[in-house]
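Thanks for coming. I will walk through one structure, one region at a time. Please have the sequence and the 3D view open.

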Amino acid sequence: MWRSSFCATSFPLIINQILRLPLPVSSGFNNRIVNAGQIRNNGFELLLNGGIVRKTNFRWDVGINFSTFRNEVVELDPQLKTIFLGSTRIADVVAVEGQRFGNMFVNGFLRDADGLVQIGTNGLPTRTGRTVNMGNVFPDWTGGINNSFQFGKIGVDFLIDGRFGGVVASHTQAVLGGLGKLPETVEGRDSRNLIVPGVLAGTKTPNNIPIDPRSYWQFVGGRGNPIGEVWVYDATNIRLRQATVNYTIPAKVFEGSFIQGMNISLYGRNLFFLMNEAPFDPEVSLNSTLGGQGIDFYSLPTTRSYGFNINVNF
């Protein structure tokens with residue numbers, strides 16, 4: 001029999017955000033703090049719990065969760081239409097009036113009206129400024145399913161969860177690409193002959209100018225100011241978040257002793273991906289601030305952990 005819980009929430013308009021407005025250098029200060037801005041937030045969360053099987057020596061319980069959260073920057077300040085939440089060498093994470101909070105802007109390739117990359121006379125793409133909106137650093141929705149099985153004295157639990165949507169930019173990958181350390185940099189290396197997909201600037205003629213692959217990867221990658229469009233990935237992923245196996249030692253083993261019962265369990269956390277669109281863990285971030293989300297900048301990899309527990313009742 002299913003036992004379910006349901007929660008749906010619509011968040012109200014939030015006003016009087018704390019903003020920093022830039023000041024002229026002649027004032028002697030960098031900025032001033034004001035209360036302004038309106039952000040519209042909408043969220044929805046669903047939780048379901050139920051017992052699928054109930055027998056003497058076997059039990060199966062399931063828990064499902066789903067949540068989505070979206071926001072829009074309705075208004076900032078008459079003097080300020082864009083706030084830089086975070087700015088790195090590869091991307092800016094910003095709040096712009098009329099857009100979602102946390103959009104990511106990067107350098108990209110100049111394209112014509114048909115979306116074709118414009119190639120210069122040197123065989124390299126023409127780059128834009130940091131004006132290309134690659135999406136939002138926050139997921140469209142998240143969800144998970146937890147299964148619990150009990151076979152007599154043995155229990156097995158595992159949690160699978162996922163993040164769907166959102167983007168992440170990797171300066172680490174850009175540096176590795178510029179150094180030729182990624183698999184995709186191998187194409188054309190032996191012949192020193194690479195033709196970048198696109199059309200000759202101002203025409204519809206497909207690019208036919210061969211270049212050394214090193215020139216291309218050093219152009220789009222490297223440490224300084226890489227073309228972020230190349231290094232932005234879908235942050236969607238599904239993983240086995242946690243698994244536990246436990247065993248309850250029969251009470252008769254402890255008859256006549258001061259021990260009333262004992263349970264031994266083994267667990268693992270962040271075990272492996274079932275699906276991952278990025279070449280690294282997209283949950284990494286530059287720091288814990290809003291502007292650090294969705295940015296991989298030499299971030300330490302997330303860890304996989306194992307352990308055991310012993311619970312004794314006296």
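I start with Pro 210, which is partly exposed because its relative accessible area is 47%, and partly exposed covers the range between 20% and 50%. Before going on: this is a predicted model. Where is Pro 210 found? Pro 210 is in the loop between S13 and helix H2, and H2 covers residues 213-220. Leaving aside residues up to four places away in sequence, Pro 210 touches Asn 193, Leu 194 and Ile 195. There is also a link to another part of the chain: the C-alpha atoms of Pro 210 and Leu 124 are separated by 9.4 Å, with their positions 86 residues apart along the chain.

Next to Asn 193 in the numbering is Arg 192. Arg 192 is found in the loop between helix H1, residues 171-178, and strand S13, residues 199-200. The backbone at Arg 192 has a positive phi of about 50°, although this residue is not a glycine. Is Arg 192 buried or exposed? Arg 192 is exposed, with a relative accessible area of 54%. Tyr 298 is another non-glycine residue with a positive phi, here about 55°. The loop that holds Tyr 298 runs between S17 and strand S18, residues 305-313. Tyr 298 is partly exposed, at a relative accessible area of 40%.

Now to helix H1. How much of H1 is covered? Seven of its eight residues are buried. They are His 171, Thr 172, Gln 173, Ala 174, Val 175, Gly 177 and Gly 178. The elements that cover these buried residues include S12, H2, S14 and S17. At the N-terminal end of H1, Ser 170 acts as a cap: one of its side-chain oxygens lies 3.4 Å from the backbone nitrogen of Thr 172. Just after H1, Gly 180 has a positive phi of about 75°.

Ser 170 also belongs to the next element, strand S12. Both faces of S12 are covered. On one side, Val 167 and Ala 169 are buried, and on the other side Val 168 and Ser 170 are buried. As background, side chains in a regular strand alternate between the two faces of the sheet. Which way does S12 run relative to its partners? With S14 it is antiparallel, and three bridges join the two strands. With S17 it is parallel, through two bridges. Ala 169 stands opposite Val 232 in S14, while Ser 170 stands opposite Asp 296 in S17.

Ala 169 leads us into the core. Leaving out residues up to four places away in sequence, Ala 169 touches Ile 90, Ala 91, Met 104, Trp 231, Val 232, Gly 294, Ile 295 and Asp 296. The largest nonpolar core has 31 residues, and those touching the most other members are Ala 91, Met 104, Ala 169, Tyr 216, Val 220, Trp 231 and Ile 295. Strand S7, strand S12, H2 and S14 each supply at least two residues of this core. A second, separate core has 11 residues, including Val 34, Ala 36, Val 73 and Leu 80. In general, nonpolar side chains tend to be buried together in soluble globular proteins.

Last, the aromatic residues. How many aromatic pairs does a search of the whole structure find? It finds 13. One of them is Trp 60 with Phe 149: the ring centres are 5.5 Å apart and the planes are at 20°, so this pair is stacked. Trp 60 is in strand S4 and Phe 149 in strand S10, 89 residues apart. Trp 60 is partly exposed, at 26% relative accessible area, whereas Phe 149 is buried, at 18%.

Another pair is Tyr 233 with Phe 280, where the centres are 5.7 Å apart and the planes are at 90°, so the pair is edge-to-face. Tyr 233 lies in S14 and Phe 280 in the loop between strand S16 and strand S17, so the pair ties together parts 47 residues apart in sequence. Tyr 233 is buried, at 15%, and Phe 280 is buried, at 14%.

Trp 60 and Phe 149 also belong to one aromatic cluster with Phe 58, Phe 151 and Phe 158. Finally, Arg 127 lies over the face of Phe 219, at 5.9 Å from the ring centre.

Terms used
Residues numbered from 1 in each chain as written. Predicted model: local features only at pLDDT ≥ 70, side-chain atom pairs only at ≥ 80, totals over all residues. Heavy atoms only, no water. Phe/Tyr/Trp six-rings, centres within 6.5 Å; stacked < 30°, edge-to-face > 60°. Helix = DSSP H or I, 4+ residues; strand = E, 2+ residues; numbered from the N terminus. Buried < 20%, exposed > 50% of the residue type's maximum accessible area, 1.4 Å probe, protein only. Lys NZ or Arg CZ within 6 Å of the ring centre and 35° of its normal. Contact = heavy atoms within 4.5 Å. Core = buried A, V, L, I, M, F, W, Y, C linked by side-chain atoms within 4.5 Å. Polar contact = N/O pair within 3.5 Å; in protein donor to acceptor, adjacent residues only side chain to side chain. Pairing = 2+ DSSP bridges.
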